Amino acid sequence: MKIRTRLLLFLLPTLIGSIALVSTLLSYNWYGEIVEGFRTRLKSAVVSTASLTDFSEEELVRIKDQLNLSHLYVLPSSSPATAGIPKDVHITPIYASPAGDGKLMTGYAPIWDKKSGQVIGFMAADISINLIDKKFQETLFLILLCAGFTILIMVATLFLIANKISHPVQKLNNSALAIAAGQYGESIQPQGPKEIAELANTLNTMSECLLENINRLKENSLLRERMYGEYECAMLLQHMMLQKNIDDCRSDAVAVKSITFFSESPRGLLLDFPKTEKPDHFQIHMAEAIEEGFEGMYKLLTHYKLSKQSQAHTSLLFDRSASTLHVKGPHFPLFWSLDDQKYLEPVQGSFKVDSGDFFFLFNQGLPRFYKNPQKITELLSKVLKIFASDGLETTAAMLHKELSFATKRKELEEDIHLLCFQILNP
């Protein structure tokens, strides 16, 4: 049910009942006033007529018609009808006429003899109650007419007030539905009572906040999509620079396994096995990106293709004829002798290698994770002493478990790339 209908149904019966009650009280009061007015008129008529000297029938008829009386007559004091009439002005209550003229009200005024000072008769006047009823009906008609007119004015006023209240509410309802449909940011003109205006301002504030939050969510969504797209591209490029080259390596000189743990900000690592002029030589290049993310990987790949002999790259040359491994660059490997069960120290940047020996290359993320380089050698030696004889697959798997357990206890700030090599055929 609409608010306009509720207001009309609630207020109209109350107002109509109040007007009806006031009209009833006015009618009752006005009836008494009308009767009292006729009594006063009747009293004035008999008193003024009794003071006259001419009581002819023509004069009495003239006065009766002039004062709108039913009867005007003189009662001699000798008449039996004067018995019991007080010798002063007297108005009777309403009574039924013995002659069948309906209900009457009679007034008596004594007629004095100026010489003797005695009452010689009474001037009597009758007023029919029909005159009183007619006057009351006219008055009642006016009361009912005013009441009806008042009711019409009140209904029109209530209708206008209800419209003034319901129209802004309906407008607010439509605006709320528009906001629910996704039309954020539309402003509502605050019209109507103070409460309606405050509600409109509140809806405007809510709409603006929703629009701002939606825009922020869209911006965050676009940013996440962009970041997710860049991250996926970075992962794909990292795979092309590292794992794909390892998978494509068909050399019988070394076997390679990579152990990788990615952070939220990946830093690229490139591993390449360029072809050599001598068949007894096997070459390994490793380079690490300076910047994080996809852009850093792209710059690393571009710079490597332009300058493969850069000092920023680590280069390992395995001379199979001399069973030596020559190292150049910033990333110096850790070399493990399978027979001696210990790390080997380089001689003028070279290692003397045997079949089954291991060497490891890693990016800067591993020493930054452990803080102390000695912990890296301890980790590798702990695994190698037990599993090195089982081959590269087992050794790499156990190293992966050890690193995985360590990274669960501490959050990664950078990627960890650990490259495990084993000499196959020196």
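Which strand does Ala255 lie in? Good morning, everyone. The answer is β6, and I'd like to use that residue as our way into the structure. Please keep in mind that we are looking at a predicted model.

Let's see what surrounds Ala255. Leaving aside residues up to four places away in sequence, Ala255 touches Leu392, Cys420, Phe421, Gln422 and Leu424. If you'd like a distance to try on your own screen, take the C-alpha atoms of Ala255 and Pro367: these two residues are 112 apart along the chain, and the atoms are separated by 24 Å.

One of those contacts, Leu392, brings us to helix α9. This helix runs over residues 392–409, so by the 1.5 Å a residue rule its 18 residues should span 26 Å, and the C-alpha atoms at its two ends are indeed 26 Å apart. Which residues of α9 are buried? They are Leu392, Thr395, Ala396, Leu399, Leu403, Ser404, Ala406 and Thr407. Because these residues cover an arc of only 170° around the axis, they sit on the same side of α9. Now turn the helix round: the face away from that buried side carries the exposed residues Glu393, Lys401, Phe405, Lys408 and Arg409.

And what covers the buried residues of α9? The cover includes β6 (254–261), which is where we started, together with β14 (358–362), α7 (365–370), α8 (373–387) and β15 (416–423). For a single residue in this setting, pick Thr395, which is placed in α9. Thr395 counts as buried because its relative accessibility is 1%, under the 20% limit. Beyond its sequence neighbours up to four places away, Thr395 touches Phe358, Val383, Leu384, Phe387 and Ala388.

On to the charged pairs. How many salt bridges does a search of the whole structure find? It finds twelve, and I'll pick out a few. Lys64 and Asp65 pair through their side chains, at 3.1 Å from N to O. Glu212 and Arg216 form another salt bridge, at 3.0 Å. Those two are four residues apart in helix α4 (residues 194–241), so about one helical turn separates them. Both partners are partly exposed, Glu212 with a relative accessible area of 45% and Arg216 with 38%.

A third pair joins Arg320 to Asp252, at 3.2 Å from N to O. Here Arg320 lies in the loop between β9 and β10, while Asp252 lies in the loop between α5 (243–248) and β6, so the salt bridge ties together parts that are 68 residues apart in sequence. Asp252 is partly exposed, at 45% relative accessibility. There is also a network, in which salt bridges that share partners join Arg267, Glu292, Arg368 and Glu414.

Two backbone details next. Most residues other than glycine have a negative phi. Asn68, however, has a positive phi near 55°, and so does Ser323, also near 55°. Asn68 is found in the loop between α2 (57–67) and β1 (71–76), and Ser323 in the loop between β9 (314–319) and β10 (324–328). Asn68 is partly exposed at 41% relative accessibility, whereas Ser323 is buried at 17%.

Last stop, the surface. Val22, Leu26 and Trp30 make a nonpolar patch of about 250 Å². Trp30 is found in helix α1 (residues 3–50), and at 35% relative accessibility Trp30 counts as partly exposed. Thanks for listening, and I'm happy to go back to any of these places.

Note on methods
Residues numbered from 1 in each chain as written. Predicted model: local features only at pLDDT ≥ 70, side-chain atom pairs only at ≥ 80, totals over all residues. Heavy atoms only, no water. Buried < 20%, exposed > 50% of the residue type's maximum accessible area, 1.4 Å probe, protein only. Arc of directions from axis to C-beta. Contact = heavy atoms within 4.5 Å. Patch = residues over 30% accessible without salt bridge, like charges linked within 9 Å, V, L, I, M, F, W, Y side chains within 5 Å. Areas by Shrake-Rupley, 256 points an atom, 1.4 Å probe, with all protein chains shown as cover. Salt bridge = Lys/Arg side-chain N within 4 Å of Asp/Glu carboxyl O.
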